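Here is a friendly note to read alongside the model on your screen. Take the points one at a time, and find each element in the viewer as you go.

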Amino acid sequence: MFNFHLEKLELVSGIRIHTVFSAVLPEWWQYVRGVISRSQMSSTQLINLTIGTYNSQYEAIEGVQTYLNESETDVIIGPCIRSISVAAEELRIPYLCVTSETEMELCTFKLLPVLSDFIEAMTKLVYSQFRRQGKAEPKTIIYEGKKGFHFDVELLNNPLTTRVWVMNDEDTDDKRRTITHYLMLMRKELIREIIVICDTETVKILLETAWELAMLSLPFRWYFYDPAFQLRPILENLPRFENSFTVFTLIPYHDQTTFASRDIDLNTILMLDAISVVSNISHNFTSDEKRQVILSAMEKKSFRGLTGSIRFDANHQRMNYNINMVHFDGSKYFKLGSWESGDSPYQRGVKLENSPDVERWRNRNQTYTFPLKGRTIKVVTIIEEPFVMYKKGYENMTGNDRFEGYCVELLHELSKILDFKYELYLVHDNKFGARLSDGSWNGMIGEVLAGNATMLVASLSVNAGREEAMDFTKPFMTRYVTLIMKIPATKTRVFEFLSPLSHTIYLCTLSACIVVACSLYFFERNSVFEKREKVTFKECVWYIFGTLLEGGTEGTPTTTSGRILIYTWCFFVLILVASYTANWAAFLTVEQFKAPVKSVYDLTSQKEIQYGTVRSSAILSFFKTSNVETFRKIGNEMINNASNIVATSAEGYQRVSAGGYGFFWDSTVNSYKINRECQLTTIGPDFAPRGYGVGVPPGATYLEELSINILRLGDKGFLDELQQKWWGERKCLSDEEEDEKNTSGLKLENAAGLFFVLGAGILLSVFVLFIQNCIRNIRPDIRTGKNETVT
């Protein structure tokens, strides 16, 4: 069962000569009203061509023929509908078609030129060498619906046609997302010339999205299909910069004032032109021949309408008309040129105007202002000391006032120089950015690639993978990778005063005392010339120990050999005591860092210290892909122990402060932490140098200006001042203060063993005295026999 749609048939109005029929369908009244107010229709009256619903195409054609005969309609005006076209052909009624369908009957006159003519005009302007200087730019084509069938194969295969996209989304949000994806790819591939063949609403969304992505102003150049120039209010409502919009329209251009004042839509314009064509046909004919006369006149005569010259060829296609190319640079309109259809295919071509404005347009290397000038852009960042930090009391603040740090001040300075405003916001997933398994990116890079942020300003290092995904400015700082960890606490021992000398030295010294005491006793008892009868071995031992401990002595040896021995022994004691004193002073003033590892290369051979880095970071990616065997082993160890890979750098530093954990991170941030937390230190060597750069979407035209101004800030010393401000303030004691602190006095924990030795000596002395007294009291009793038993 064939169902002929009512709404299509109702969008048709007929014209009858002499007899007035004023009934008009409501769907067309909005156009007819504009026709009545602007057109003189002395003998031309509008009637309502109402057709019902039929079960088949055949019944629809018969119904249309019956209605046309009964209503005595002489001319049909409206959109091209197959059944009406066939019926008009059978009755030899001229059919002025206002749409661009191509497969119509012989009596169908196509008032709206075919879309392929517009495409040819756009192609000859955009692809031809009308522009001077530089190589030709790649192009992209964005079209909607079935308009792609009108493209020429040569155009699609042209090497400059880099991309061709079709818009088929019905939902506005889906369409916006699709457009954003297309524009991001265009910018990444450096496509800056765009041909747009879409409806007005789609163009509006497209330009709004392009504005958000900073793709409206030069060097981006836009070309629009717009027969009635209905894009005028959209273009004029966009921010005024050095834009390049070229509209291909049927409306003749006279001057900016008359052209910009048009407020008629395409349907009304075509309706007016159709009425103008019929009204200008001579009415000196009888009722029987008027259809044929009108048909013959429309085939031979030329007419003038709002869309320019109206003339039809033998196939009833419109001919000898112009497609005007009107350029809007953001401040004014000017006619760029026109495409002339001519009377034959050999006469078709583009002619440019000869004016200073056109000459400026032809110059490819024309200068343009910074695309972000005067705009408020969104800048994504991440909390990382000291680059971006919360201010004190930020809970009571809003907007950019909540943040401070190196990157915040750098961004503020760039905004002042380049005259733009910004809104800082934190990345939602708190990640720097890594490529996922499906090829997409998370973190800050994902925000930029999705079009949510215009710029990325943070401590984000540039590597090959990130450089492929997006563009970066010249680096504003260079970082290395270092391992930060907590200094192990030094254990204090009770007998720490014994530490300056080794156990071997103490043992050898004790042995030397015994040997020297024995030698002295031998010399004193067996000297030939000086013989001392009363000397005892006990006295020799006490004498030697007294000189060793710098105690007083009762006398000196009487023999020459003994004196030589004693002086040699004193020299030995002098050197030994001096060495002990120097070593103990150094031991007390220099706090030795006894870490389980001396460098990052020792990590893989120990188990005491765990280590890791941030998930989805460039540092983790470096360890995974490094060609250095040690680094690759470290990366594998971190991957195998996933608990050591932290979600954020703040979590990593918390684990470092807890002890037993080493954290691989940027040297710049590690230096900042070390300056403020004295119990932390770094393990060398530094490796994997990378630069920090401001990230922008791929192909962003404002990249160069940002890079140049970052280099200028470096030349002026501004970047050094920022680094000194945020890193130069040491919170730990200086070396002189640390030395003064350590040498100001001997601590009790360092000398506690001395007091224990002194106490032990006192107790030993008391014990010896007690034993001696006991022996003295017992010895006389033994000698006199008082303890003998009396029987």
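The points below cover two sheets, the helices that pack on them, and a pair of helices.

1. Before you start, please keep in mind that this is a predicted model.

2. Begin with the sheet of eight strands. This sheet is open, and following it across takes you through E7-E6-E8-E9-E10-E13-E14-E15, with mixed pairing. At the edges you will find strand E7 (161–167) and strand E15 (349–352), each of which pairs on one side only. From one strand to the next, the twist averages 20 degrees.

3. Now look at one end of that sheet. Strand E14 (residues 333–340) and E15 run antiparallel, and four bridges join them. To find one of the pairs, pick Glu340: its bridge partner in E15 is Gly349.

4. Which helix packs on this sheet, touching E7? Helix H8 (residues 200–212) does, and its other contacts there are strand E6 (139–144), strand E8 (193–197), strand E9 (221–225) and strand E10 (245–249). The direction of H8 makes about 170 degrees with that of E9.

5. Next comes a pair of helices. As a reminder, two packed helices are described by the angle between their axes and the distance between the axes. For helix H14 (residues 406–418) and helix H24 (residues 703–715), the angle is about 115 degrees and the axes are 11 Å apart. Angles of 65 to 115 degrees count as roughly perpendicular, so H14 is roughly perpendicular to H24. Their crossing is right-handed.

6. Zoom in on the contact between those two helices. H14 brings Leu410, Glu413, Leu414, Ile417 and Leu418, and these meet Glu705, Leu706, Asn709, Ile710 and Leu713 in H24. Sorted by type, the residues of this contact are seven nonpolar, one polar and two charged.

7. The other sheet is open too, with four strands in the order E23-E24-E22-E25 and mixed pairing. Why is one side of strand E23 (610–612) and of strand E25 (680–692) left without a neighbour in the sheet? Both stand at the edges with a single partner strand each, so there is no neighbour on that side. On average, neighbouring strands here are turned by 15 degrees against each other, direction ignored.

8. Finally, follow strand E22 (residues 477–486), which runs antiparallel to E25 and is joined to it by eight bridges. Lys486 stands opposite Leu680 in E25. Helix H22 (residues 649–658) packs on this sheet and touches E22, strand E24 (661–666) and E25. The direction of H22 makes about 145 degrees with that of E24.

Note on methods. Residues are numbered from 1 along each chain as its sequence is written. This is a predicted model: local features need pLDDT of at least 70, side-chain atom pairs count only at pLDDT 80 or more; totals for chains, interfaces and linings use all residues. Side-chain values use heavy atoms; hydrogens and water are left out. Two strands pair if DSSP finds at least two bridges between them. Axes are lines fitted to C-alpha atoms, for helices over the stretch in contact, and angles run from 0 to 180 degrees between N-to-C directions. Contact means heavy atoms within 4.5 Å. Angles under 35 degrees count as roughly parallel, over 145 as roughly antiparallel, 65 to 115 as roughly perpendicular and the rest as oblique. A crossing is left-handed if the near helix is turned anticlockwise from the far one by less than a right angle, and right-handed if clockwise. Ala, Val, Leu, Ile, Met, Phe, Trp, Tyr, Cys and Pro count as nonpolar, Asp, Glu, Lys and Arg as charged, and the others, Gly among them, as polar.
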